[in-house]
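Me: Please take a close look at one part of the structure shown below, the interface, and work outward from there in one connected account. I would like the residues named wherever that is possible.

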Amino acid sequence: MSTLRERRLDQSLILFEMNLQGLRATREMYLTPAVKTVICTDLRSWKSEWDTSETPFKQFSSLMDRYLTGERLNFEESMHVMNPVTDGIWELITADLRIFGWFYRKNVFIATAINLARVIKTHNLYPGYKGEALRFRENVKLAPPKCVPGGNINDVV
Amino acid sequence: MTWFDELTNQHEHAATLFVGRVRHELLKALDEEAVKTRLNQSKIADELGINRSVISRQLNGQSDMTLSRVAELASVMGRRAELRLPEIRAATAIPKFETTASRSGMDETPNVRWNVGVR
């Protein structure tokens with residue numbers, strides 16, 4: 001089988017859910033097990049490099065709140081498509097975090113990596129994370145088309 | 001409660017979402033004013049007598065902002081920042097949250113509503 005439900009059952013993808021304080025989710029976010037592990041083990045301890053009380057963990061919560069509840073994401077640099085845009089690999093962005101993945105369908109994001117922007121820039125990890133997303137997408141059993149192509153934000157959210 | 005919710009406590013989580021939603025409402029209002037009146041961060045900074053980078057960092061989450069700054073930003077945009085704290089109806093209520101500007105899809109029986117909007 002090649003559905004998201006099947007991938008949830010075999011635990012190759014994990015549906016991300018959180019308390020939205022009374023609002024309902026209108027978009028979906030799936031994580032690889034590796035991303036869930038980082039969220040559970042590392043994200044809470046990461047520090048912001050900015051003069052803010054919003055830790056990377058809080059930034060992640062806020063970004064997920066806006067994403068899941070269907071808020072606009074196209075005017076505050078919360079998303080960025082990587083080059084070449086034909087690959088359809090996107091970054092979700094906060095002040096300190098970068099989340100890599102792709103849109104399986106409009107409003108359905110599959111995250112394959114998350115890390116601090118400072119670490120990614122210092123060690124030039126962008127190509128590696130993009131390649132990781134492409135490889136995962138190629139290997140995961142999902143019904144085609146596996147990706148919303150292109151870099152038009154209105155096609156993905 | 002999901003596995004992610006277990007990584008934090010509900011009060012901290014409520015505060016996190018509140019701060020994020022306030023910032024988001026300000027950004028949405030600025031985006032609307034940019035279309036209507038060509039307002040931008042430089043003009044806001046000039047109006048408030050502060051450096052544009054301060055406004056930029058506060059709006060993109062790289063710096064905290066005070067409640068006073070929220071009201072100042074709203075005022076420059078010709079709007080009023082508004083916060084309402086309705087009475088809790090049930091002792092066992094789990095706080096619910098709503099922003100007034102564009103939220104929809106609330107649970108049908110919220111016990112508590114926080115309302116903040118930039119109007």
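Reply: Contact is taken here to mean heavy atoms within 4.5 Å, and the model to which this is applied is a predicted one. By that criterion, 34 residues of chain A and 36 residues of chain B take part in the contact. The size of an interface is often expressed as the accessible area that is lost when the parts come together. For chain A and chain B the buried area comes to about 3,200 Å², and carbon and sulfur atoms contribute 53% of that area.

The polar side of the interface can be described in two ways. Between chain A and chain B there are 15 residue pairs in polar contact, counting pairs in which both residues are at pLDDT 80 or more. The salt-bridge rule finds five salt bridges across the interface of the two chains, whereas a search of the whole structure, over all chains, gives 15. One of the salt bridges between the chains can be named: A:Arg72 pairs with B:Asp31, and their closest N and O atoms lie 2.7 Å apart.

On the side of chain A that touches chain B, strand E1 (14-15), helix H2 (33-41) and helix H3 (56-68) of chain A each supply at least two residues. Among these elements, H3(A) gives the most, with seven residues. By residue type, this side of chain A divides into 14 nonpolar, eight polar and twelve charged residues.

H3(A) therefore deserves a closer look, since twelve of its 13 residues are buried and the helix is largely enclosed by the rest of the structure. From its first C-alpha to its last, H3(A) reaches 18 Å, close to the 18 Å expected at 1.5 Å a residue. The buried residues of H3(A) include A:Phe57, A:Phe60, A:Leu63, A:Met64 and A:Leu68, and also A:Gln59, A:Asp65 and A:Arg66. The buried residues of this helix pack against elements of both chains: in chain A against strand E2 (28-31), H2, strand E4 (89-93), strand E5 (97-105) and strand E6 (108-116), and in chain B against helix H1 (10-37). After H3(A) comes A:Gly70, which has a positive phi, near 85 degrees.

Helix H1 of chain B, against which H3(A) packs, also holds B:Glu33, and this residue leads to a salt bridge within chain B. The side chains of B:Arg79 and B:Glu33 meet at 2.7 Å, N to O. This pair links distant parts of the chain, 46 residues apart, with B:Arg79 located in the loop between helix H4 (67-76) and strand E1 (81-84) of chain B. Both B:Arg79 and B:Glu33 are buried. Salt bridges with shared partners join these two residues with B:Glu32 and B:Lys36 into one network. A further salt bridge of chain B pairs B:Arg80 with B:Glu82 at 3.0 Å, N to O, and here B:Arg80 is exposed, with a relative accessible area of 52%.

Chain A has a salt bridge of its own between A:Asp10 and A:Arg7, whose closest N and O atoms are 2.8 Å apart. Its two partners fall into separate accessibility classes, for A:Asp10 is partly exposed at a relative accessible area of 42%, while A:Arg7 is buried at 8%.

The loops of chain A, finally, contain several backbone features to check in the model. A:Asn83 and A:Pro84 are joined by a cis peptide bond, with omega about -10 degrees, and A:Pro84 sits in the loop between strand E3 (79-81) and E4 of chain A. Another cis peptide bond joins A:Pro144 and A:Pro145, with omega about -5 degrees; A:Pro145 belongs to the loop between helix H5 (126-139) and helix H6 (153-156) of chain A.

Positive phi values also occur in residues other than glycine. A:Gln21 has a phi near 55 degrees and is found in the loop between E1 and E2 of chain A, where A:Gln21 is buried, with a relative accessible area of 3%. A:Asn124 has a phi near 50 degrees and lies in the loop between helix H4 (117-122) and H5 of chain A; in contrast to the buried A:Gln21, A:Asn124 is exposed, with a relative accessible area of 52%.

Key:
Residues are numbered from 1 along each chain as its sequence is written. Chains are lettered from A and ligands numbered from 1 in the order in which they are written. This is a predicted model: local features need pLDDT of at least 70, side-chain atom pairs count only at pLDDT 80 or more; totals for chains, interfaces and linings use all residues. Side-chain values use heavy atoms; hydrogens and water are left out. Buried area is the accessible area (1.4 Å probe) that two parts lose on being put together, summed over both. A salt bridge is a side-chain nitrogen of Lys or Arg within 4 Å of a carboxyl oxygen of Asp or Glu. A polar contact is a pair of N or O atoms within 3.5 Å; within protein, one must be able to donate a hydrogen and the other to accept it, and residues adjacent in sequence count only if both atoms are side-chain atoms. Helices (H or I, at least four residues) and strands (E, at least two) are DSSP runs, numbered from the N terminus. Ala, Val, Leu, Ile, Met, Phe, Trp, Tyr, Cys and Pro count as nonpolar, Asp, Glu, Lys and Arg as charged, and the others, Gly among them, as polar. The expected span of a helix is 1.5 Å times one less than its number of residues. Buried means under 20% relative accessible area, exposed over 50%, partly exposed in between (1.4 Å probe, protein chains only).
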